[in-house]
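This report describes selected features of a molecular structure for readers working at the bench. Please examine the sequence and the structure shown here before reading on.

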Amino acid sequence: MQIVILKTDFLFFLLLAGIFLYSLFVFKDKQLLDVWRQVFRKPLAIASGMVLFFYLAICLLDSIHFKHLANNEKSQEITSVLDSLFEPISKQVETTYSAPFAYSSFVKETILNDDGSVAREFPRLKFGGSHLIDPESDYWPDIWISLIYILCMGFVFWLVLLFIYYFFSYRSRPKSVISFVNVVLVSSGSFKVFWVTLLGFCLLFSFLFVFAGHYHILGTDKVGNDVLYQSFKSIRTGVLIGTLTTLLALPFALIFGVTAGYFGGWIDDVIQFLYTTLSSIPGVLLIAAAALMLEIYMSKHSDIYMSVVARADLRLLALCMIIGITSWTTLCRYVRAETLKLREMDFVAAATALGATKLRVIFRHVTPNLMHLVMITLVLDFSGLVLAEAALSYIDIGVDPSMESWGNMINSARLELAREPVVWWSLGSAFFFMLFLVLAANIFADSTRDAFDPKTND
Amino acid sequence: MFNYLLKRIFYAIPILISVNVFTFFLFFVVNTPDDMARLHLGNKHVTQEAIDNWKFERGYNKPLLWASELDGVKKISETIFFENSLKLFLFKFGQSDSGRDISFDISKRMWPSLAIALPVLIVGICLTLTIALFVAFFRATYIDSTGVLICVFMMSVSGLFYIIGGQYLIGKMLKLVPISGYSEGLSAVKFLILPVAIGVISGLGNGTRWYRTIFLEEVNKDYVRTARSKGFKESQIMLSHVLRNALIPIMTGVVVVLPSLFLGSLITESFFGIPGLGSYTIEAIRAQDFAIVRSMVFLGSLLYILGLILTDISYTLVDPRVRLN
């Protein structure tokens, strides 16, 4: 087994490291810490922050890739930790549609019986409900027993976490267990929301843990791929597009914005002209044009990228870069305006008077004060970018078709509603997985913006 | 006023030129016409002859910037840059890669686009303004916070699902209108109702929230307090004072998109099978027709810049405090 770091993996790790460093920085700065406390004071912000954390964690699991070397040296198959967790349903196990929690296929097939007679019936699935001996009678008892089991397991898991917290919170440990329970369950406020949301996650995890081992929880798609697995794999695509785009646009926006704002004069004019030009091209069309060019480039160099995963990864990176190029102008404008303001501040004048060079002023005094703009942009743009991915994949200029993404799921499933009977689970899963991510991001972004920008507080 | 207009148009020209140069660079320098030909003709086993033939048919066999072997003006005019990029300024879009006349297609297809985009804009603004005014009137109550929450929820649903859901519910389950298609004249109405309704609904969340913020900003201003102290009713203040003043920032967002309405909406049109410019662009992207995409990029930025100029003009018309100079 050999660990493989794809390009987007590297950038994602870089982003996580950046967030980690930033949080260290926040904990040292009392004023900044207060602002972030204010973000998390709203109950909804806590819940949405936890949902975002869940998605980020899944994305991290899916970003640790490795290659199996044991059986075949030439094998180029790259899998991630998430794939291993989802075995065996990460492989294509069924042959066609099957409904959620089904034990037999959704489509009738001609089956040759042992005695030579031919029948049209719904064949049993290879994986879903394969542990049932007599499905007709065993099915419902199995579901009910599993549900009770899940409830117990989720609660026990939650209580264990609660007790771990209780025993390790030395400083603020309430006097008795009863007052502790009081704090967790009865009191209103963010602490309660945290634990209630955590209970939800515990139940969800045990649900997945118990049922994913025996059933296709969200059914299978046209060629028999598990929809739950696809939806989970899509998380990485969505999260990466939402974050890496801003990350890649960041250097452009910062360098150009700060230079334009700080130096002014003809440099300012040139940079302003540059971003006016870029922003006057309609975003979708620019993305389409660039994506077409990428297509040509990829087909010209089709021999370089051996594995499907690496190829799709490169395409994802290019897509992020393309969207980044179209979107850095907005941030650049903010950065320029803010730099113009900062340039006239007393502390900059003081630094200059003490003999700091221009570069030092820019790096030590101006740029750190722009970081909140970057943070807000990163959070605010996230949800829009996730939604944009789905739309772009529909126009065929999004991520690689071989890559799991909500856009590709919608694209391949959009005709399924016209089927008779209706196949709804692929679309439904993409809908809910996307909705939770984007809703959480929107709520979190609102809270962040309100805390950082007191003007919009109402 | 006239001087200002001239200045703005003068300022727009270099931007258009650089957009033009940028697209030229993107389409012809990053990838050569040879690569395009190879992509179109299928990748591996293409003879040079077939490539040359493909390029000749589309006029891509000329030199990029400078035809050194010809003399006189032809040194410049017989190049790809002149033929395919500079002629865009004269609205001569030339032929698409599949041989159709782009100018004719555009002039035909912009009307269906407009037939959807304009009603969506007008109905959308009226509806959003009403709801936002209502929510802002009940600010800091449960109606307000519920309204904002619903807005955030509506914003979080991908536009694709509004279309898919609407088509399924109205078109397939209730069979009220045809799912997709288009026809000329008045009978087009039955095809247009659903896309317009969906377009309005999918923009509702975002719009309402934005307008609400603008209203709330106005509500806290001094003149509103003065009006209140004079004894005006709150509803009167909202309708005559706040709404009128809030219309100025709202207008900025509206006027700037006005010219771009001709371009239509990419996804709505292609889902509903409406032969507008949006679906035209999507078809071009899917068929990898570079000539059409290039023309649309140019047209799009032209209309956008036009929108910016219109915004500035409308400012002076609506707000006497603004002087253009």
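The paragraphs below treat the contact between two chains, a helix pair and a single helix.

The model is predicted. In this model, 39 residues of chain B are in contact with 39 residues of chain A. On the chain B side, at least two residues come from each of α1 (2-29), α2 (33-41), α7 (142-156), α8 (159-173), α9 (189-219), α12 (266-272), α13 (277-286) and α14 (290-318). The most is given by α14(B), with 8 residues.

Helix α14(B) also packs against α1(B), at an angle of about 160° and with the axes 10 Å apart. Because angles over 145 degrees count as roughly antiparallel, α1(B) is described as roughly antiparallel to α14(B). The crossing of α1(B) past α14(B) is right-handed. From α1(B), the residues taking part include B:R8, B:A12, B:I15 and B:F27, while those from α14(B) include B:F290, B:R294, B:I309 and B:D312.

The residue classes of the two contacts are as follows.

| Contact | Nonpolar | Polar | Charged |
|---|---|---|---|
| Side of chain B that touches chain A | 26 residues | 11 residues | 2 residues |
| α1(B) with α14(B) | 11 residues | 3 residues | 3 residues |

In chain A, helix α10 (residues 283-300) has 18 residues, and at 1.5 Å a residue it should span 26 Å; its end C-alpha atoms are 26 Å apart, which agrees with that expectation. Buried residues of α10(A) include A:V284, A:L285, A:L286, A:I287, A:M293 and A:I296.

Note on methods
Residues are numbered from 1 along each chain as its sequence is written. Chains are lettered from A and ligands numbered from 1 in the order in which they are written. This is a predicted model: local features need pLDDT of at least 70, side-chain atom pairs count only at pLDDT 80 or more; totals for chains, interfaces and linings use all residues. Helices (H or I, at least four residues) and strands (E, at least two) are DSSP runs, numbered from the N terminus. The expected span of a helix is 1.5 Å times one less than its number of residues. A residue is buried if 20 or more other C-beta atoms lie within 10 Å of its own, exposed if 12 or fewer, and partly exposed in between; C-beta atoms are placed from the backbone. Two residues are in contact if their C-beta atoms, placed from the backbone, lie within 7 Å. Ala, Val, Leu, Ile, Met, Phe, Trp, Tyr, Cys and Pro count as nonpolar, Asp, Glu, Lys and Arg as charged, and the others, Gly among them, as polar. Axes are lines fitted to C-alpha atoms, for helices over the stretch in contact, and angles run from 0 to 180 degrees between N-to-C directions. Angles under 35 degrees count as roughly parallel, over 145 as roughly antiparallel, 65 to 115 as roughly perpendicular and the rest as oblique. A crossing is left-handed if the near helix is turned anticlockwise from the far one by less than a right angle, and right-handed if clockwise.
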